[in-house]
Amino acid sequence: MKKTTTKKNWGFDTTTLNHSIRPQDDFFEFANGLWIQKNNIPLEESRWGSFNILRHNTDLQLKKILTTLTKKKSALKGSHAQLVRDMYLSAIDTKRRDTLDILPLKPYLKEIEAISSKETLLCYIARSHKHGSGTPWYFILDQDTKKSDQYLFTLWQGGLGMPEREYYLKKEPEQIRVQMAYKAHIKKLLSLSGFSSKEIAGASVIIMAIETALARAAMKKEDTREAEKTYHKYSIAQLERTIPGIAWRKYFTLVGAGHIKEVNVGQPEFFTAVSKLFATMSLKDWKIYLTWQLINGCAPLLSERFVRESFQFYGKTLTGSKQMKPLWRRALGFVNGAIGEGIGKLYVETYFTPEAKKSMDTLVSDLFAVYKERIERLPWMSSKTKQHAISKLHAMKRKIGYPTRFETYKGLRITPTDFFGNTIRTSEFEHTKAMKKSKRPVDRKEWFMTPQTVNAYYHPNLNEIAFPAAILQFPFFSTEVDDAINYGAIGSVIGHEITHGFDDQGSKFDAKGNLKSWWNVKDTSYFTKKGKALVAQFNAYHVTPEITVNGQLTLGENIADLGGLVIGYEAYQKHLKKIGRYDIEGFTTEQRFFLGFAQVEREIARPEFRKMQIFIDPHSPPFARVNGPVSNFLPFYTTFNVRKGDKLYRNPKHRVEIW
Ligand SMILES: [Zn+2]
């Protein structure tokens, strides 16, 4: 049955199409071109597109919740409403924050000043870690990658003020520009903090030297994705032998983890370098470095002049934003960070319907069924490996919308008049929670994103996919629009997350979430070969004439994007058998599916942001997230009649199909 309809709001605005570009040459531009031409990035944003607009709209919903709460005079002490309201009130109390200025940091600066030995140095570092600092390393609770039913603490590289090691080590114009600005930022912040120009001149040289030494020792971002490269489990005695120079046993006691017997070291070379700094660097230099890291890390929590200077570097220089976000959005950011599940619960109660949860649940089941069928049909995989893949798929859990049990924040004290104190107490609360958690069995109900997050994730150790409430909205998902749009958007997102369980890293984990291979040699070799081909494809995408995508860093996401497209498409084909095919505004069912897929990636961004994204983001830029997958996918060729000579055309033997 073929019917033509002109259904008004079918979920894709055809006035955004750029008809001067052929879909066969650049599908991203064809689908989004006029939208891109017609829209500007708001001054306070570094990127603007489907994700950001939805984030912005979600923030407006949250603002309504906050406004209602602030009008309420009384709220039960310790309730979510009270914690959220008072955190927000304290953050927007700029008068008080301006009066205090740098005063909240004074006790910590004094503590640094009092460092007089290696012992007191370690004491300070440990104490700052209880407050969430990552200087010069992070101490994180995770699952044991090889024993996923147990928790294991990880020591992870940190200590840098610029986003990635490349900003210290590369000599390209963009990195030199940022380095210069960072040096100016150091000087400005130290000057606001009351240091003399003589002190500042010496300090900035020392700070840059230390951070550059740390950057040199740091593992490359693409290597930090590799499960084996970041798994080095030591007993505490082994750790003290392997990375000497730091009194590790004492450190663990100081951070409240004196009970642990083992620890994972994410990047041994980095920690070897840090231990050398412990041995060789003078206490005077340590104090300068720690002072800087403290002031820089806390600047957004202080008075207006500190907040502005922080924005000057992290907002303007690094991401190209033109002005600060309005106060309410910044304050909301702190509420989300500190009491995320508290405001999340209120968000879900107000804006998320049981119907949305139910239809998403059905959709996820459909996608799982299609995934199983596809694995069974894979021409390249042996039946033994297929069995393992299917049992992993069967074991994969799903989380939709919001946690069954929200964090209660019991014992956390939040007051409307103490913003800095609130943030410190929140960090301490989270730290204490992690210490307690580490002694218990793994909590499988925990979420790693709040319900109001516009995103989704796969967790390899838990072997689960999760979709927060906020992503279950248009243009990702809506009961109001044509099914093609939903399958192209949220269908592909679900397929994307499932595929993470089978991407270059996820595939190394078994059904129970342990790093343990279930592949035979032949299948591994095919899979690796296809992965390498995908790396080469993405390495060839240019962000600027000089800068290309990092195919290795983005490999996992690119495999997931490709899998998401394929699975979403197949699920839609299955669905079409039930509902029949029809055209809307001259677009066939299949064409609309691809438009829905391209629409969620619609985005414009500032050049500074794009240049940074290449180093820090494991996702490819939007045009590549659309044109990459479709150029490998045969149904796209048939749907849009792609032929040899078209820009998106790839020779069949160069196309990559994995899942
Ligand atoms: Zn992903």
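Trainee: What does "partly exposed" mean as a class of accessibility?

Mentor: In this predicted model, a residue is buried under 20% relative accessible area and exposed over 50%. What falls in between is partly exposed.

Trainee: To which class does Glu 373 belong, buried, partly exposed or exposed?

Mentor: The relative accessible area of Glu 373 is 29%. Because buried means under 20% and exposed means over 50%, this value places Glu 373 in the class called partly exposed.

Trainee: Which residue does Glu 373 meet in a salt bridge, and where does that residue lie?

Mentor: The salt bridge of Glu 373 has an N to O distance of 2.8 Å, and its other side chain is that of Lys 574. The pair links distant parts of the chain, 201 residues apart, with Glu 373 in helix H17 (residues 354–377). Lys 574 is itself partly exposed, with a relative accessible area of 35%. The residue asked for is thus Lys 574, in helix H22 (residues 555–579).

Trainee: How many salt bridges are counted?

Mentor: Side chains of opposite charge can pair when their charged atoms come close. The cut-off used here is 4 Å between a side-chain nitrogen of Lys or Arg and a carboxyl oxygen of Asp or Glu. By this rule the count of salt bridges is 39.

Trainee: How many residues apart in sequence are the parts tied together by Glu 45 and Arg 329?

Mentor: Glu 45 forms a salt bridge with Arg 329, and their closest N and O atoms are 2.8 Å apart. Glu 45 lies in the loop between H1 and strand S2 (47–49), whereas Arg 329 belongs to helix H16 (residues 327–351), so the pair ties together parts of the chain. Both Glu 45 and Arg 329 are buried. The separation of these parts in sequence is 284 residues.

Trainee: Are Arg 610 and Glu 603 buried or exposed?

Mentor: The side chains of Arg 610 and Glu 603 meet in a salt bridge at 2.9 Å, N to O. The relative accessibility of Arg 610 is 12%, and that of Glu 603 is 8%. Because the class under 20% is the buried one, Arg 610 is buried, and Glu 603 is likewise buried.

Trainee: Which residues are linked with Arg 374 in a network of salt bridges?

Mentor: The network includes a further arginine, Arg 377, and it also contains glutamates. Linked with Arg 374 are therefore Arg 377, Glu 570 and Glu 657.

Trainee: Which residues form the positive surface patch?

Mentor: Residues in a patch have over 30% relative accessible area and no salt bridge. One of the members is Arg 216, found in helix H9 (residues 197–217), and at 57% relative accessible area Arg 216 is exposed. The patch is formed by Lys 171, Lys 183, Lys 187 and Arg 216.

Trainee: Which peptide bonds are cis?

Mentor: Most residues other than glycine have a negative phi, and most peptide bonds are trans. One cis bond, with omega of about -10°, leads into Pro 136, in the loop between helix H6 (118–130) and strand S3 (137–144). Another, with omega of about 5°, leads into Pro 475, in the loop between strand S9 (464–468) and helix H20 (483–500). The cis bonds described are Thr 135 to Pro 136 and Phe 474 to Pro 475.

Trainee: What is the phi of Tyr 409, and what is the phi of Glu 585?

Mentor: Tyr 409 sits in the loop between strand S7 (397–401) and H19, and is buried at 4% relative accessible area. Glu 585 sits in the loop between strand S10 (581–584) and helix H23 (589–599), and is partly exposed at 39%. Neither is a glycine, yet phi is positive, at about 60° for Tyr 409 and about 45° for Glu 585.

Trainee: What is the radius of gyration of the protein chain?

Mentor: The protein chain has 26 helices and 11 strands. For 659 residues the globule rule gives 26 Å, and the chain is close to that, so it is as compact as a globular protein of that length. The radius of gyration is 26 Å.

Terms used
Residues numbered from 1 in each chain as written. Predicted model: local features only at pLDDT ≥ 70, side-chain atom pairs only at ≥ 80, totals over all residues. Heavy atoms only, no water. Patch = residues over 30% accessible without salt bridge, like charges linked within 9 Å, V, L, I, M, F, W, Y side chains within 5 Å. Areas by Shrake-Rupley, 256 points an atom, 1.4 Å probe, with all protein chains shown as cover. Lys, Arg positive; Asp, Glu negative; His and termini not counted. Charge placed at Lys NZ, Arg CZ, Asp CG, Glu CD. Helix = DSSP H or I, 4+ residues; strand = E, 2+ residues; numbered from the N terminus. Buried < 20%, exposed > 50% of the residue type's maximum accessible area, 1.4 Å probe, protein only. Rg over C-alpha atoms; globule rule 2.2 N^0.38 Å.
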